[in-house]
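The exercises below concern pockets, confidence and backbone geometry in one model. Try each task with the structure in view before reading its solution.

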Amino acid sequence: MAVLKRINKTIVTNLLNTSIPTIIAFLLSDVFTIVDTILIGAIKNESIYAASLSAINISARVLLFISAISRGINVSSSTILSRYLATNDKEKIQSTLIHTIILNVFVISLPLVIICLIFAKPIILFIGNDP
């Protein structure tokens, strides 16, 4: 019985240790949007205020999409990394970290940003807003 309690405690501890950074990352991305909205609130011109607020809301959706893909890759990578950490295979740990960074930056984020810049108007229309 004591062994089962210790295993359950380890599982809960590991779950909290892996989920808390993800929760903090989501909260920080939301704080980023909230701070932008607060700063835009200081604009006195009504038409500029409305356009700026719309731009924040549109860009927040696109950033959320890109970050969701990146977080999915990071969760998969952390699973692989935990296996390599358990076996203390430093070469595979380093390789996985390098590949994760390359995949996030050069394969996912950079191409998506370029696509968003090229097709900004269709993306805005697809999201449901007027350009």
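A pocket is found on a 1 Å grid over the protein atoms alone, as an open set of points where a 1.4 Å probe fits, with protein on both sides within 12 Å along at least five of seven lines, and a lining residue has an atom within 4 Å of a point. The model is predicted, so local features need pLDDT of at least 70 and side-chain atom pairs count only at pLDDT 80 or more, whereas totals for chains, interfaces and linings use all residues. Residues are numbered from 1 along each chain as its sequence is written, and side-chain values use heavy atoms, with hydrogens and water left out.

**Exercise 1.** Identify the residues that line the largest pocket, and sort them by class.

*Solution.* Begin with the lining itself, which consists of Thr 18, Pro 21, Thr 22, Ala 25, Arg 71, Asn 74, Val 75, Ser 78 and Ser 82. Two or more of these residues come from each of α1 (2-40) and α2 (46-87), helices here being DSSP runs of H or I with at least four residues, numbered from the N terminus. The largest contribution is that of α2, with five residues. Sorting then gives three nonpolar, five polar and one charged residues, where Ala, Val, Leu, Ile, Met, Phe, Trp, Tyr, Cys and Pro count as nonpolar, Asp, Glu, Lys and Arg as charged, and the others, Gly among them, as polar.

**Exercise 2.** Repeat the analysis for the second largest pocket.

*Solution.* Its lining includes Ile 58, Val 62 and Ile 66, and these three are also among the buried residues of α2, buried meaning under 20% relative accessible area (1.4 Å probe, protein chains only). At least two lining residues come from each of α2, α3 (90-118) and α4 (120-127), and α2 again gives the most, with five. By class, the lining has 10 nonpolar, one polar and no charged residues.

**Exercise 3.** Does the span of α2 agree with or depart from the expected value?

*Solution.* The expected span is 1.5 Å times one less than the number of residues. For the 42 residues of α2 this should be 62 Å, and because the end C-alpha atoms are 60 Å apart, the two agree.

**Exercise 4.** What is the sign of phi at Asn 88, and where does this residue sit?

*Solution.* Most residues other than glycine have a negative phi. Asn 88, however, has a positive phi of about 60° although it is not a glycine. Asn 88 lies in the loop between α2 and α3, and it is exposed, with a relative accessible area of 53%, exposed meaning over 50%.
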